[in-house]
Amino acid sequence: MPDAATSASTSPDIDLLDAPCRALAEAADAVGEAARHASGLAFGARLPAAALARGGRTRLGWRTLLRTLTDPAGLGWAPRGRGVARAGRLAGILAGRESLAISIAVCGLKARIRAASAERPELFDDPGAAAVLGAVGAGHQGEAVRLFRAIMRERGAEHAFALLAPSFADILAWDALTDANPFNDHAGWQVATGRAETAEPVLGLGAAFWAFCDRGPGLPEGPAATGAASTRGPARRRVAERAPRPARRPSDGGLSGHAAALRTHAFRLHTAAGAPQWRGPENEALRAEVARLAARCATAAGGLALAAAQLKEPQKGSARQRLQDQ
C-alpha cells in the first residue's frame, strides 16, 4: 500500500476531478432516461402492433430500436420501465448483461471515490481504510464492501463511517449497481446520479440508518492526523461543499430529442477524457474508460436518431449547437 506521501504526490487536482464526476453523473442520468423512453416505445403496445400490421419503415424503425436497446457497443442491455421492459431488465441482470447507463454511473462513483481519497492521503496510514481503497482501485467492489463491513464489526459503525466518509455511500452504491440483486439498484442509482427517489435499503443499510449515523457535529471528523494532512479539515468537507447537481433537463421530445441529448453528453465526456490536467497512471485508466463510454454514448445516439428517422420523427441539432444554445 502506498504511504501518505506517495499518495499525495500522485494525487490529481481535486477541483479538476469535480467536472468529470458531474459529467459522468449527468450522462448516466441522460442515458437512463433515453433507454426508458426507447423501451416504452419498443416494448409497449402501439409501436409493435403498428410494425407487425403495416411493415415497411415502421417495422424497420422498430427493429432498429430493438437493436439499439441491446447493442453491446452502445446502450448495452438497456430495457428499462414496466411490463415487458422490466422483465427484460431483470433477465439481463440475472444473465449478467451490461448496461451503458450503469457503467457510466459506476465510472462516476469510482471517480468520486478516487477524488475523495486523494484529498485525504492520511487514510492510507490506516490499514483498514488502505485495504478498502486498494480494493476500490483494483475494481473489486465486493471486496471493498466486505472490508468496510469488517471495519464496522471490529471498530464500530461510527468509526467506520467517520473514517471513510464521504466514500462509504459511493462504495455501497457501486456494489448495489453491480451485484446480482436487482432490488437495490434504484438506491444505488440515487446515490450515483443524485436523483431524489423513494429510499430503500442498499445492502441492508437503509436511508434512515445512514441519516442516523450521519448526524451530530463530531461524527464527520476523520481520525486525528498530523502535519499537512491535519489542516484538511473534516472528512465530510467535500460532501458539504459539493455543488448540487442541476435538475434534469427535459429532452427536446421523442427519440430524436434523446439522441441529441446523448450526443451532447458524448461530447462532454470526450472533452472530460481529453483534459490535459489529468496526470498519473490511475487517471490515465480513468481517462481511457471515460473515452470508451463517450464513444458508446455517440453510438447509442446514432441508433436512436436512425430509429427516429425511420419512424419519421424530426431530427434535432448537433451537440455543439446545443452547447452553444446553453
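Me: Let's begin with C21: is this residue buried or exposed?
Reply: C21 has a relative accessible area of 5%, a value from a predicted model in which local features need pLDDT of at least 70, side-chain atom pairs count only at pLDDT 80 or more, and totals for chains, interfaces and linings use all residues. Buried means under 20% relative accessible area, exposed means over 50%, and partly exposed is in between (1.4 Å probe, protein chains only). So, at 5%, C21 is buried.

Me: How many disulfides does the structure have?
Reply: A disulfide is a covalent bond between the sulfur atoms of two cysteines. Here the rule asks for a pair of cysteine sulfur atoms within 2.5 Å. For C21, the nearest cysteine sulfur belongs to C107 and is 8.7 Å away, so C21 is in no disulfide. By this rule the count of disulfides is 0.

Me: What share of the chain's residues is buried?
Reply: Residues are numbered from 1 along each chain as its sequence is written, while side-chain values use heavy atoms, with hydrogens and water left out. One buried example is C297, at 0% relative accessibility. Across the 326 residues in the chain, the buried share is 48%.

Me: How many helices does the chain have?
Reply: Helices (H or I, at least four residues) and strands (E, at least two) are DSSP runs, numbered from the N terminus. The chain has 0 strands, while its helices number 16.

Me: How far apart are the end C-alpha atoms of helix α14?
Reply: Helix α14 covers residues 254-273, and 14 of its 20 residues are buried. The expected span is 1.5 Å times one less than the number of residues. For α14 that gives 28 Å, which agrees with the distance between its end C-alpha atoms, 29 Å.

Me: Which residue forms a salt bridge with R36?
Reply: A salt bridge is a side-chain nitrogen of Lys or Arg within 4 Å of a carboxyl oxygen of Asp or Glu, and the structure holds 7 of them. An α-helix has 3.6 residues a turn, so residues three or four places apart point the same way. R36, partly exposed at 38% relative accessibility, has its partner 3 residues apart in helix α2 (residues 14-42), about one helical turn. With an N to O distance of 3.9 Å, that partner is E33.

Me: How many residues apart in the chain are R296 and E98?
Reply: The side chains of R296 and E98 meet in a salt bridge at 2.8 Å, N to O. R296 is in helix α15 (residues 281-310), whereas E98 is in the loop between α5 (84-94) and α6 (100-119). R296 is buried at 14%, and E98 is partly exposed at 32%. This pair links distant parts of the chain, with a separation in residues of 198.

Me: Which residue forms a salt bridge with D170?
Reply: D170 lies in helix α10 (residues 167-178) and its partner in helix α6, so the pair ties together parts that are 58 residues apart in sequence. D170 is buried at 5% relative accessibility, and its partner is buried at 6%. The closest N and O atoms are 2.6 Å apart, and the partner is R112.

Me: Which residue has its charged end over the ring of W189?
Reply: A charge sits over a ring if NZ of Lys or CZ of Arg is within 6 Å of the ring centre and within 35 degrees of the ring normal. At 4.8 Å from the centre of the W189 ring, the charged end belongs to R80.
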